[in-house]
Amino acid sequence: MLTRMRRSGLRLAVALLTATMAFGSLQALAQEKVLRAVMHADVRTLDPFWTTQTIAGIHGLMIYDTLFSSDAELQPQPQMVDTWTVSDDRKTYTFMLRDGLKFHDGTPVTSKDVVASMNRWGKRDGAGKQLMSYTKSLTAKDDKTFEWVLSEPYGLLIDTLAKTGTSIPFVMREAEAMVDPFEQIKEVVGSGPFMFKRDEWVPGNKTVYVKFKDYVPRKEPASGHAGGKVVKVDRVEFIWMSDPQTAQSALMAGEIDYLENPKPDFLPLLGANPDIKLEVHPAAGTMGILQLNHLHPPFNNVKARQAMYYIINNADYLNTIAADPNLQTLCYSYFGCGVAMETTAGSEPYSGPKDYKKAEQLFKEAGYNGEPITILHATDHAYINPANLVMIQQLRKAGFLNLDVQAMDWGSVVARRAKKEVPAEGGWNIFITGTTVLTSSNPITHTSIGMGCDKAWFGWPCDSVFEDLRKEWAFAPDLDTRKRLAVELSKRAYDQVPYISFAQWRNPVAYRSDMISGVLSVPSVPPMWNIEKK
Amino acid sequence: MTAYIVRRLLATIPVMIVVALFVFLLLHLTPGDPAAVIAGDDASPADIEGVRRKLGLDRPIWEQFGIYVMNLLRGDLGTSIFSNLPVMTLVKQRLEPSLVLAVSTLVVAITVAIPMGVIAAWKARTLVDRVVMGFSVLGFAVPVFLVGYLLIYVFAIELRWLPVQGYKPLSQGVWQTLRSITLPAIALGMVYTALIARITRASMLEVLSEDYIRTARAKGVATPGVLLHHALKNAAVPIVTVIGIGLTLLISGVVLTETVFNIPGLGRLTVDAILKRDYPIVQGLIILFAAVKVLVNLLIDISYTFFDPRIRY
């Protein structure tokens with residue numbers, strides 16, 4: 001009996017001790033300043049070079065640092081770089097790293113890490129590959145100095161290093177940067193303002209970051225991704241909610257502080273809440289892409305592609321995808337609207353009135369004779385599904401096209417669009433996707449506008465004149481020359497029709513203004529530094 | 001009995017082999033390409049090809065199947081293509097929320113449904129019966145996500161009694177877990193309450209017309225005694241079967257409830273993996289679900305001997 005009592009007493013003591021410890025740790029957790037955010041997607045891969053998904057860029061921005069960054073006006077500013085010089089022939093750049101740069105494991109950031117990282121990134125990113133194709137050598141001169149020698153005076157080196165959106169050129173440790181770029185890295189050790197908590201990572205649910213206390217921010221005030229990355233919270237939790245309604249409810253109830261991508265349907269409800277602020281950067285937004293397959297009839301003939309301009313009505317898509325007129329832009333610029341390269345040169349057939357007879361005439365001249373046009377319709381995507389429905393309706397309304405609409409999930413579309421076979425043997429004619437305005441604002445990073453034949457994006461447009469103009473744009477020494485070349489590029493694009501851009505709409509971020517402050521306005525890949533918990 | 005259990009367990013081996021083969025073929029013959037999903041929308045076709053090669057997805061299908069079977073024989077369910085984490089780690093992360101949600105739902109459902117079914121059978125063809133059956137029809141007919149949203153609106157947004165979403169693990173305290181699981185358990189419990197109540201009523205009605213019930217009544221046994229002691233135990237076999245099937249369904253596939261309430265359970269893990277074509281996760285989970293199904297069915301069959309001593313194996 002005594003033994004049993006002793007055992008019971010011991011169990012009680014252990015239980016009390018455990019409870020006290022649990023209570024203590026809960027109290028400590030409660031005192032921590034925790035920023036809870038729901039982003040547009042879940043962090044499932046940890047290597048920002050392995051994938052071009054924007055969420056990987058957001059994850060990368062938390063833990064890695066960059067040589068240069070874009071400020072709120074999208075101008076490149078030094079970040080890890082302290083000073084740099086450019087030779088007179090604009091071919092040799094010498095960079096010096098700033099003091100105090102340290103990885104999360106305590107080791108200093110050296111030029112060797114930078115060189116290895118840039119080499120790895122340059123094998124995967126489109127703009128990076130372009131830069132590397134003009135790179136003669138990239139060498140570490142000493143621990144803090146590295147030299148980038150170009151074979152030609154490529155004018156976009158600094159802009160490319162400051163790129164944002166997807167595939168940002170982050171600096172990793174040399175050990176990770178030496179991993180094959182087509183293989184995912186295993187260790188996640190950056191030198192950025194936050195550290196990744198691997199032990200708390202639950203893919204599909206939660207990703208946790210904590211403040212890196214040894215991070216030395218720049219002295220300049222934060223602006224976009226540039227300036228001082230001053231972390232004002234102890235911990236950031238990205239909570240993944242696949243249901244937009246739940247995310248919206250969680251924000252309304254104050255369970256989360258920040259919602260990156262609220263569904264357009266919920267914006268009036270969120271906007272009516274005095275504690276919630278909606279914020280959108282002028283250059284933020286998505287551009288819809290109606291991709292045509294240039295390999296097979298009818299769209300292997302330029303007249304059939306041009307005919308689409310007389311059928312597709314831009315405004316219909318906007319009203320379906322983003323009903324709020326404040327978030328719509330009736331944009332006829334291949335490089336997006338509200339950005340430096342905006343131009344509508346050559347867009348008259350598209351922006352003018354719809355003309356089905358003219359379209360039918362052009363299709364006939366292209367040799368179209370009622371053959372089925374295979375459309376890959378992704379039914380599980382928030383804006384691609386309604387955009388497909390609008391397009392199908394418009395094409396049917398034209399009255400002379402024979403549509404073969406194949407409904408499938410987005411996962412099937414991404415596999416099927418890579419097939420070059422004729423549509424009857426598993427290929428395709430049309431699919432819809434989108435890109436960010438930020439990506440499309442630069443003819444080099446704008447993957448889907450490239451017309452490099454076999455090397456081009458899905459649809460494989462082919463036009464050497466356009467590619468030469470793109471190259472010329474990349475070498476342009478100043479903004480005015482680039483703008484002039486953008487006009488030429490636009491005219492040629494409207495003539496050759498690599499794809500049809502069907503809308504531009506903006507997605508605001510929503511956050512609890514009664515719970516947080518200091519949210520930085522950026523067009524893409526939102527930073528979590530500078531945010532203060534009230 | 002022991003020989004029966006051993007026989008049943010041995011019979012699971014060919015079942016699991018067929019499941020493994022079927023899942024592998026189904027996934028690999030379905031259109032979709034994890035390499036394309038990983039590489040992202042801005043990736044070039046050459047980049048996607050590079051990722052596919054590194055993941056070994058360009059190898060012949062028989063070679064991929066061979067690797068999969070060899071790993072299975074070693075007890076290795078594989079590694080997620082996307083997160084690089086072992087499938088077992090991902091399952092362990094999701095097991096507690098799924099089990100807690102399943103058990104809570106069944107507790108809610110059984111506590112409400114069995115008395116409802118018994119009373120409906122006792123008061124058959126009266127107003128009480130019709131109300132209970134009306135509730136059952138409603139429970140089936142109203143989609144679980146609609147009930148979920150309504151519960152969230154009333155109890156989380158308006159009254160602020162309970163959280164909108166998320167799961168708090170037991171390590172943070174039972175009270176926190178209960179708070180986080182209450183609304184999903186009620187939303188999901190409505191369907192199972194409806195199902196179990198209907199089965200209980202039907203089964204009870206059949207038993208209540210038996211001679212031994214008439215005998216019990218003639219001997220002067222009070223109504224509660226007749227209902228609970230004589231009728232319910234004999235009506236239990238179909239009820240237990242439904243509860244068992246419900247348990248396996250709850251563990252493996254309550255995707256809508258998990259999504260609406262943001263519960264990181266196995267159902268969401270499965271659907272996300274299917275949409276992303278994360279083959280190892282889907283394969284591993286289907287095999288695990290098949291094993292759970294087989295095990296639960298065995299337990300149900302064994303439980304029959306407790307409720308009906310005439311059943312012997």
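Leaving aside neighbours within four places in sequence, which residues is A:Val302 in contact with? Let's work up to that one and then go on through both chains.

This is a predicted model, in which local features need pLDDT of at least 70 and side-chain atom pairs count only at pLDDT 80 or more, while totals for chains, interfaces and linings use all residues. Residues are numbered from 1 along each chain as its sequence is written, chains are lettered from A and ligands numbered from 1 in the order in which they are written, and side-chain values use heavy atoms, with hydrogens and water left out.

**Exercise 1. Place A:Val302 and find its contacts.**

Step 1: Find the element. A:Val302 belongs to helix 9 of chain A, residues 302-307. Helices (H or I, at least four residues) and strands (E, at least two) are DSSP runs, numbered from the N terminus.

Step 2: Check the accessibility. A:Val302 counts as partly exposed because its relative accessibility is 26%. Buried means under 20% relative accessible area, exposed over 50%, and partly exposed in between (1.4 Å probe, protein chains only).

Step 3: List the partners. Beyond the neighbours within four places in sequence, A:Val302 is in contact with A:Asp495 and A:Gln496. Contact means heavy atoms within 4.5 Å.

Step 4: Add a distance. A:Asp380 is 78 residues from A:Val302 along the chain, and their C-alpha atoms are separated by 31 Å.

**Exercise 2. Describe the surroundings of A:Thr207 and A:Trp529.**

Step 1: Start with A:Thr207, which sits in strand 11 (residues 206-211) of chain A. With a relative accessibility of 0%, A:Thr207 counts as buried.

Step 2: Look at what surrounds this threonine. Apart from neighbours within four places in sequence, the contacts of A:Thr207 include A:Phe196, A:Trp201, A:Val236 and A:Phe238.

Step 3: Turn to A:Trp529, in the loop between strand 22 and strand 23 of chain A. A:Trp529 also has 0% relative accessibility, so it counts as buried.

Step 4: Sample the partners of the tryptophan. Neighbours within four places in sequence aside, A:Trp529 is in contact with residues including A:Leu61, A:Pro193, A:Phe194, A:His225 and A:Leu520. The C-alpha atoms of A:Trp529 and A:Pro268 are separated by 28 Å, with these positions 261 residues apart along the chain.

**Exercise 3. Which residues have a positive phi although they are not glycine, and where is a cis peptide bond?**

Step 1: Recall the background. Most residues other than glycine have a negative phi, and most peptide bonds are trans.

Step 2: Inspect chain A. A:Val525, not a glycine, has a positive phi of about 50°. A:Val525 lies in the loop between strand 22 (516-517) and strand 23 (532-533), and counts as buried because its relative accessibility is 1%.

Step 3: Inspect chain B. B:Arg160 has a positive phi of about 60°, and its place is the loop between helix 7 (144-158) and helix 8 (174-208) of chain B.

Step 4: Find the cis bond. A:Pro297 and A:Pro298 are joined by a cis peptide bond, with omega about 0°. A:Pro298 is in the loop between strand 15 (286-292) and helix 9 of chain A.

**Exercise 4. Summarise each chain.**

Step 1: Take chain A. There are 17 helices and 23 strands here. The radius of gyration of chain A, taken over C-alpha atoms, is 26 Å, close to the 24 Å that the globule rule gives for 534 residues, so chain A is as compact as a globular protein of that length. The globule rule is 2.2 Å times the number of residues to the power 0.38. Of these 534 residues, 58% are buried.

Step 2: Take chain B. Its secondary structure has 14 helices and zero strands. Its C-alpha atoms fill a box of roughly 85 × 55 × 35 Å along the principal axes, and 48% of its 313 residues count as buried.

**Exercise 5. How many residues does each chain bring to the contact, and which three supply the most area on chain B?**

Step 1: Count the residues. Chain B contributes 46 residues and chain A contributes 52 residues.

Step 2: Find the leading three. B:Asp41, B:Asp42 and B:Lys54 supply 16% of the area that chain B buries against chain A, more than any other three residues.

Step 3: Give the total. The two chains bury about 4000 Å² between them, 50% of it on carbon and sulfur atoms. Buried area is the accessible area (1.4 Å probe) that two parts lose on being put together, summed over both.
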